[in-house]
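Me: I have a chain open here and would like to talk through its fold and its backbone. Can we take it step by step?
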Amino acid sequence: MLATALDSKVSYADHIQPLMEISCTPCHWPEKGKKKLLNTYATTVENIDEIIYRVKLPSDSTEFMPYKSKRLPLSATQIQLLVNWRDQGMAR
Ligand code: HEC
């Protein structure tokens, strides 16, 4: 599914939100919400450069996300989806 997603237009609703929900909960989601919320289109757009920067870091970096590897690191395909989404103008 993700591999074919790379060939088409990436959208927040179809690709980015599900990915962020799997990898960035509960810390950046309202149930806990102690960290900067990244649960909406607007907050994801606002923070996209920082998001991409952090998920691409080596997993032993203190700034790496998901924080302390409490979730699986993003795959190369997932990171590419984030980059393509940004480059394509961040469709909803
Ligand atoms: C286990 C909890 C946890 C998970 C899961 C997690 N984070 Fe974080 N995140 C944190 C903490 C704690 C900080 C604050 C420390 C820091 O800035 O490094 C943070 C900070 C950030 C920041 C900087 C926010 C700012 O203050 O400007 C970004 C961006 C971020 N995380 C993105 C993500 C993304 C994207 C994911 C999913 C791929 C993710 N995080 C998963 C705990 C988490």
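The chat below goes from the overall fold to the last helix and then to the backbone.

Reply: Gladly, and please keep in mind throughout that this is a predicted model.

Me: ok, how many helices and strands are there in the protein chain?
Reply: The protein chain has five helices and zero strands, so that, read along the sequence, the pattern is α-α-α-α-α. Its radius of gyration is 12 Å, close to the 12 Å that the globule rule gives for 92 residues, and the chain is therefore as compact as a globular protein of that length.

Me: and what box do the C-alpha atoms fill?
Reply: Along the principal axes, the C-alpha atoms occupy a box of roughly 35 × 25 × 20 Å. Buried residues account for 39% of the 92 residues, and of the contacts between residues at least 6 apart in sequence, 58% join residues at least 24 apart.

Me: what about the surface and the charges?
Reply: The accessible surface is about 5,700 Å², with 55% of it belonging to carbon and sulfur atoms, while the mean positions of the 12 positive and 10 negative charges lie 7 Å apart.

Me: switching to H5, which residues are buried there?
Reply: Helix H5 covers residues 76–87 and reaches 16 Å from its first C-alpha to its last, close to the 16 Å expected at 1.5 Å a residue. Its buried residues are Gln78, Ile79, Leu81, Leu82, Val83, Asn84 and Trp85.

Me: what follows H5?
Reply: Glycine 89 follows H5, with a positive phi near 100°. Methionine 90, in the segment after H5, also has a positive phi, of about 60°, although it is not a glycine. Methionine 90 has a relative accessible area of 17%, and because buried means under 20%, this residue counts as buried.

Me: where else is phi positive on a non-glycine?
Reply: Serine 69 is one such residue, with a positive phi of about 50°, and it sits in the loop between H4 and H5. Unlike a buried residue, serine 69 counts as partly exposed, at 37% relative accessibility.

Me: why bother listing these, and what about cis bonds?
Reply: They are listed because most residues other than glycine have a negative phi, and most peptide bonds are trans. The peptide bond from threonine 25 to proline 26 is cis, with omega near -5°, and proline 26 lies in the loop between helix H2 (12–24) and helix H3 (41–46). The bond from methionine 65 to proline 66 is also cis, with omega near 0°, and proline 66 belongs to the loop between helix H4 (48–55) and H5.

Conventions
Residues are numbered from 1 along each chain as its sequence is written. This is a predicted model: local features need pLDDT of at least 70, side-chain atom pairs count only at pLDDT 80 or more; totals for chains, interfaces and linings use all residues. Side-chain values use heavy atoms; hydrogens and water are left out. Helices (H or I, at least four residues) and strands (E, at least two) are DSSP runs, numbered from the N terminus. The radius of gyration is taken over C-alpha atoms; the globule rule is 2.2 Å times the number of residues to the power 0.38. Buried means under 20% relative accessible area, exposed over 50%, partly exposed in between (1.4 Å probe, protein chains only). Contact means heavy atoms within 4.5 Å. Accessible areas come from the Shrake-Rupley method with a 1.4 Å probe; for residues, only the protein chains shown count as cover. Lys and Arg count as positive and Asp and Glu as negative; His and the chain ends are not counted. The place of a charge is taken as NZ of Lys, CZ of Arg, CG of Asp or CD of Glu. The expected span of a helix is 1.5 Å times one less than its number of residues.
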